[in-house]
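Thank you all for coming; I would like to take a few minutes to walk through one model with you. Please have the sequence and the structure open as I speak.

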Amino acid sequence: MKSCLIVDDSRMIRRVAGRIVKDLGFEVIEAVNGQEALDKCRISMPHAVLVDWAMPIMDGFDFVKKLRALPGGDAPTVVFCTSVRDVERIVEALAAGADEYIMKPFDSDIIESKFALAGLV
Amino acid sequence: MSDADRHGALSLNPSYYDALRRLTLELAGINLGSSHAFLVETRLSRLAREEGYGTLEAMVDELFKTGGSRLAVQVVTALTERDTHFFKDKTAFKRLEEIVLPDLQRKRGGGRIRLLSFGCASGQEPYGMAMLLHRMREQMGDMKVDIVGVDYPSQALDRAREGRYTHFDVQRGLPIQDLVDFFEAGKVDWVVKADIRNNVEFRDIHLLSKLDTLEDFHAVMFCGGLPHYSAPARVRVLRGLAGLVKENGYLILGEGESLSQMNFGFDRATNETGLYIKREMPVEPEIDETLKVPNGRTTFEKTSKRHKSLS
């Protein structure tokens with residue numbers, strides 16, 4: 001079974017996104033910030049990462065840059081999931097190594113569509 | 001299980017549901033199917049609010065009492081509007097990119113070609129064509145492409161003209177790089193950039209009417225609509241489309257859709273169904289009257305004899 005790491009400091013978002021991703025056939029792993037996510041990736045690299053931008057301790061942008069620098073860190077498909085809808089920030093996220101980008105609020109159609117575009121489903 | 005059981009109390013007199021189903025079949029050739037009552041409730045309630053009616057029943061009452069054609073078209077359009085999103089039919093776009101456009105480019109080398117999105121709803125399909133062409137601009141060389149989207153007059157088509165899409169619209173089917181490249185963020189919505197928008201023209205048209213107000217096209221894309229039509233309406237639409245496609249031009253249908261038993265002057269372009277190429281019409285040899293001589297011989301015969309005598 002493919003795994004998806006959901007990185008968000010909001011428990012509600014982790015729960016809602018987790019249910020949608022689970023329905024798409026993924027095993028769900030959670031982290032509350034970028035540092036915890038990075039620690040989990042060092043132990044086992046997930047197939048997909050759904051990551052928020054603004055989080056305490058380590059934000060999503062730093063997390064993605066550090067993830068991509070890890071051995072095997074280029075393998076996971078990274079999808080940002082954030083309320084930031086500014087084009088320049090989207091470009092920054094893609095340059096940092098994100099494959100796709102979701103703007104909150106989202107629904108199951110959006111996550112499924114973005115996962116399909118990223119070749120995950 | 002009835003619609004009422006499934007979705008709770010319905011607000012219209014039951015006889016209206018059948019009347020609306022018949023109206024839709026008559027005007028648009030589209031069969032709403034057996035569970036159309038819920039569709040009527042959700043789509044027409046919104047239209048009733050937008051048109052300033054106190055209730056859905058008040059709007060439908062007026063429709064059937066006055067027989068207003070403008071309201072009838074609005075009602076039928078609301079009932080038949082298809083849920084669409086960017087690059088919805090991936091197979092059709094793949095065929096456009098990998099077969100149709102390269103072939104047209106190869107055959108014509110340059111000049112101008114015309115593409116039609118038939119039943120374009122809120123415009124994602126023709127804008128998708130324009131985005132695809134932008135990505136293929138080096139391959140397409142000097143070739144200019146005009147894109148036309150047609151559908152019934154509706155608020156969806158008005159939104160298409162503005163190129164304005166919601167947060168949800170731009171996140172279904174549209175790769176994030178395309179959002180960055182081809183859209184601008186408005187205060188609330190996302191708007192297609194002018195250089196893409198200017199490549200696409202939208203026209204109101206009754207899809208079952210005679211299509212002779214439209215010019216010929218080198219390729220017509222018609223995806224997802226065919227299965228909803230009644231059999232006679234399907235023949236009528238396809239016959240109309242056959243008249244719009246230029247010889248050696250393409251008809252691109254949706255995934256799994258086909259011309260079925262009739263060919264309408266098309267041949268399959270590949271082994272799979274869904275992509276058709278318009279046959280060349282046989283050309284009758286033209287007889288040039290000026291070449292005839294009174295005794296029935298042609299100038300060519302005379303020239304031929306003269307040639308023999310000289311040799």
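Let me begin with a question: which strands of chain B does helix H7 (residues 124-135) lie across? Helix H7 of chain B lies across strand S1 (112-118), strand S2 (144-151), S6 and strand S7 (217-222), and runs at about 165° to S2(B). Helices here are DSSP runs of H or I with at least four residues, strands are DSSP runs of E with at least two, and both are numbered from the N terminus. Axes are lines fitted to C-alpha atoms, for helices over the stretch in contact, with angles from 0 to 180 degrees between N-to-C directions.

Before going further, I should say that this is a predicted model, in which local features need pLDDT of at least 70 and side-chain atom pairs count only at pLDDT 80 or more, while totals for chains, interfaces and linings use all residues. Residues are numbered from 1 along each chain as its sequence is written, and chains are lettered from A and ligands numbered from 1 in the order in which they are written.

Staying with the sheet under that helix, 7 strands of chain B form an open sheet with mixed pairing, in the order S6-S2-S1-S7-S8-S10-S9, where two strands count as paired if DSSP finds at least two bridges between them. Its edge strands, each pairing on one side only, are S6 (200-204) and S9 (266-268), and neighbouring strands are turned by 25° against each other on average, with direction ignored. At the S9 edge, 3 bridges join S9(B) to strand S10 (residues 275-278) in an antiparallel arrangement, and Asp267(B) has Ile277(B) as its bridge partner in S10(B). A second helix, H9 (residues 155-162) of chain B, lies across S2 and S6, running at about 160° to S6(B).

Taken as a whole, chain B has 13 helices and 10 strands, and 37% of its 311 residues count as buried, meaning that 20 or more other C-beta atoms lie within 10 Å of the residue's own, whereas 12 or fewer make a residue exposed and values in between partly exposed, with C-beta atoms placed from the backbone.

Chain B is divided into domain 1 (3-80) and domain 2 (90-278), with bounds that come from an automatic or database domain assignment. The C-alpha centres of these two domains of chain B lie 29 Å apart, and their contact takes 7 residues from domain 1 and 9 residues from domain 2, a contact being a pair of C-beta atoms, placed from the backbone, within 7 Å. On the domain 1 side, helix H2 (14-28) and helix H5 (69-80) of chain B each supply at least two residues, and by class that side has 4 nonpolar, 3 polar and no charged residues. In this classification Ala, Val, Leu, Ile, Met, Phe, Trp, Tyr, Cys and Pro are nonpolar, Asp, Glu, Lys and Arg are charged, and the others, Gly among them, are polar.

What, then, are the residues with the most contacts inside the largest nonpolar core? They are Leu50(A), Val51(A), Val220(B), Met221(B), Leu241(B) and Ile252(B), in a core of 115 residues; such a core is a set of buried Ala, Val, Leu, Ile, Met, Phe, Trp, Tyr and Cys residues joined through C-beta atoms within 7 Å. The largest share, 6 residues, comes from helix H6 (residues 90-108) of chain B, and because domain 1 (3-80) and domain 2 (90-278) of chain B both give residues to this core, it lies between them.

Turning to chain A, 4 bridges join strand S3 (residues 48-51) to S4(A) in parallel, and Leu50(A) has Val79(A) as its bridge partner. Strand S4 (residues 77-82) of chain A has 6 of its 6 residues buried, so it is largely enclosed by the rest of the structure.

Finally, where do the chains meet? In all, 14 residues of chain A are in contact with 9 residues of chain B, and H5(A) gives the most to the chain A side, with 5 residues. That side has 9 nonpolar, 1 polar and 4 charged residues. The buried residues of H5(A) include Ile110(A), Phe115(A) and Leu117(A), and their cover includes helix H1 (11-23), S4 and S5 of chain A.

Terms used:
Contact = placed C-beta atoms within 7 Å.
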